[in-house]
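Student: Could you go through this protein with me? I'd like to know what sits behind the words people use for it.

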Amino acid sequence: MNIALNPLLDFSDLPQFEAIKPEHIGSAIDSLLEQCRTVVIELEGQSAQVTWENFVEPLENVTEKLSRAWGIVGHLNSVVDTPELRAAYNENQPKITEFWTALAQNLTLFTKYKALQLGPDYASFSAARKKIIENAVRDFRLGGAELAEEDKPRFAEIQEKHAALTTKFSENILDATNEYALYIENEAELSGLPDDAKQAARAAAEKDEKPGYKFTLHFPSYFPVLQYADNRELRATIYRANATKASELGGQPAWDNTQNIVDILKLRDEEAKLLGYKNFAEVSLVSKMAQTPDQVISFLQDLAKRARPFAEKDLAELRSFAKKELGIDQLEAWDVTYASEKLREQRYAFSEQEVKQYFPEPQVVAGLFRTIESLFSVSIKPDAAPVWHPDVKFFRIEKDGALVGQFYLDLYARQGKRGGAWMDDARGRRRIAEGKDGIQTPIAYLTCNFTEPAVVNGQAKPALFTHDEVITLFHEFGHGLHHMLTRVEELGVSGISGVEWDAVELPSQFMENFCWEWDVLSHMTAHADTGASLPRTLYDKMIAAKNFQSGLQTLRQVEFSLFDMHLHYDYNPDGSKTVQDVLNEVRAQVSVMTPPAFNRFQHSFSHIFAGGYAAGYYSYKWAEVLSADAYGAFEEASQSSGNVLSSDTGARFLREILAMGGSRPAIESFKAFRGREPTIDALLRHSGMAA
Ligand SMILES: [Zn+2]
């Protein structure tokens, strides 16, 4: 296949986004898969002593091409979806999955990795190479490569059944969500609801050719009802529908997830035992930073204990406010969101709209870049590259005049672009030749879905970002910096590759902290009309509102995390105790407000029953401890120098955390930076829960 004929096969430099068309995809992927299979067959048949150069390198070279090409296709599918592109994507995806699955179960390759690990060269390998081999052996083992022959068919069956059950779990939620409809004819019943929510409900009813307003269990439809509707009965109705969906109490019996949950847990337990572990939580933690389930449980219980007094205070305030101001004598689950919103409005009299006027895109982006430049002694400059949409900008990062990485910035929501914000890698850092020019520099996609600039009287006004959007931008850039500022020269562990799941949010959540610093904000704001920077009074209100009900929110996260951990650790799905019993026990232990008995939140807990978070939901809080504690070093530096943008501390963060990527365990990187084990103090302080 000729590169001139197929731009997806050109790996010489940046992707040729303007030339790549859906019709290139099938032939490029077929050709790359063919190349991959050929190399795999050659490696399998190789009889020479296995070395890094004759085994890992050729495998990495050929699979990297497949990953990069498919990465481009996946990226385009996410940001400029068209029927042709989607068709090509869906047609090729099964081939890609099949290849990676077969590779992960290739026992000949597994044997070679092990031989490399036990071979004479191993001791002289760099830490990065050792880590790559270690990870590969670990993943083969977890994939069942070392099982006794007679156990392998059952292991494969478990994988298949588990995949089918988790898919069914999601489908049930989706079907139950889609089926539910609540029609309200009388507008008076919707008092309190914002106009945009009403308009959306009206449009939904019109689509069904019904009068009035339609509400569903999709978040943007039901949540404003819980948040704003003065009509208590309406709130109770929609709360109950949402809290019972896909259970024995709501939706069609065929969509009840009760048995699916038990069956999923049984399969995981069986898989763990086949692999030689006591329970699935142990399996989940093999590739994570946390060492044992007990360590995770103690961490969560400790956090619960510390958050509890704050949560009790939050709840007492809310109850008394609801009684006095809203006439709600007995605060029920369907009142909590509503009463909280009213309390927030009363206590912190400012609106998101007001804040937004101070955050025009040019100031925000310049402020972000300045923050990064000050912290890490790099410079960010506009650069040129083929792009997939005229709104996309491209930049380069230089350090001491040398290129270290590049990134695409695609900020605005538009038709055909998947929602949310994310960082993805277009290319990873690795050494491809000797000498100082022998480095392939990393490239990142930074994608957001912010409001595009408004056009007023034919003139485009800069886009205005909410403070939440600014935080999102900093968050995604944290991931981007982790990817782009790495110094590791081995692809498998450079940047975010190979970083433990429960540590990967460290750099991203770390970057969010700067969005709350007066020194940073005062320099990155300019009112859309007057050009004035953010007034101190408004900033103070934002800070005061930052930790509104953080005690209650923390306990909620702990409740979910403990429930997840216990289900996969010390719960016996064949025993007499039910999943509901486990949840009730956790709630009795940590919650300050028990949800109604009909609440079946677990029946739509997709993170753990259909996503990758089984025995891993704790990762959110775990990584937050790390990011808050890491940020604490900058706060300490600022106490002596008066500047939180400390370049000394930044250089250390860069060297010990960002630059190291996945080449060593995250705990080692953290300790190298902080000089000690992580502590929870900074997280508590940042959440307004310091003792
Ligand atoms: Zn993130």
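What follows is a chat about how some labels on this predicted model are earned.

Student: Let's start with the metal. Which residues are the protein donors of the zinc ion, and what makes them donors?

Tutor: They are His475 and His479, each through NE2, and Glu505, which is listed twice through OE. The test is a N, O or S atom within 2.8 Å of the metal. These atoms lie 2.1 to 2.8 Å from the zinc ion, so they pass that cut-off.

Student: Why is the site of the zinc ion called irregular?

Tutor: Look at the angles among its 4 donor atoms: they run from 50 to 138°. Four donors count as tetrahedral if all angles lie between 85 and 135 degrees, and square planar needs opposite donors over 155 degrees apart. The range of 50 to 138° fits neither rule, so the site is irregular. As a yardstick, the ideal angle for four tetrahedral donors is 109.5 degrees. One caution: water is not among the atoms, so a site may look incomplete.

Student: How are the donor residues of the zinc ion spaced in sequence?

Tutor: The pattern is H-x3-H-x25-E. Both histidines belong to helix α16, residues 467-484, and they are 4 residues apart, about one turn of the helix. An α-helix has 3.6 residues a turn, so residues three or four places apart point the same way.

Student: What makes His475 and His479 buried or exposed?

Tutor: Buried means under 20% relative accessible area. His475 comes in at 13%, so it counts as buried. His479 is at 10%, so it is buried too. Their helix fits the picture, since 16 of the 18 residues of α16 are buried.

Student: How do you know that the length of α16 is close to what is expected?

Tutor: From its first C-alpha to its last, α16 reaches 25 Å, and the expected value at 1.5 Å a residue is 26 Å. Just before this helix, in the loop between β11 (459-460) and α16, sits Thr466. Thr466 has a relative accessible area of 10%, so it is buried. Leaving out residues up to four places away in sequence, Thr466 touches Glu352 and Lys356.

Student: On to the strands. How do you know that β3 and β4 pair?

Tutor: Pairing takes at least two bridges. There are 4 between β3 (residues 379-382) and β4 (residues 393-399), so they pair, and they run antiparallel. One partnership is Ser379 with Glu398 in β4. On to β5 (residues 402-412): 7 bridges join β4 to that strand, again antiparallel. Across that pair, Phe395 stands opposite Phe407.

Student: What is special about Asp400 in the hairpin of β4 and β5?

Tutor: The hairpin has 2 residues between the strands, and Asp400 takes a positive phi near 50° there. Ala246 also has a positive phi, about 55°, although it is not a glycine. Ala246 lies in the loop between α9 (232-243) and α10 (258-274), and its relative accessibility is 0%, so it counts as buried.

Student: Back to Glu398. What makes its links to Lys381 and Arg396 polar contacts?

Tutor: The cut-off is a pair of N or O atoms within 3.5 Å. The side chain of Glu398 meets that of Lys381 at 2.8 Å and that of Arg396 at 2.9 Å, so these distances fall inside the limit. Glu398 is itself buried, with a relative accessible area of 10%.

Student: Why is Ile158 called buried?

Tutor: Its relative accessible area is 0%, and the cut-off is under 20%, so the label follows. Ile158 lies in helix α6, residues 152-179. Not counting residues up to four places away in sequence, it touches Leu267, Glu270, Glu271 and Leu274.

Student: And Val365: what makes it buried or exposed?

Tutor: Val365 has 11% relative accessibility, so it counts as buried. You'll find Val365 in helix α15, residues 361-376. Aside from neighbours within four places in sequence, Val365 is in contact with Leu409 and Leu411.

Methods:
Residues numbered from 1 in each chain as written. Predicted model: local features only at pLDDT ≥ 70, side-chain atom pairs only at ≥ 80, totals over all residues. Heavy atoms only, no water. Donors = N, O, S within 2.8 Å, 3.2 Å for Na, K, Ca; no water. Tetrahedral: all angles 85-135°; square planar, octahedral: opposite > 155°, others 65-115°. Buried < 20%, exposed > 50% of the residue type's maximum accessible area, 1.4 Å probe, protein only. Expected span 1.5 Å × (residues − 1). Polar contact = N/O pair within 3.5 Å; in protein donor to acceptor, adjacent residues only side chain to side chain. Contact = heavy atoms within 4.5 Å.
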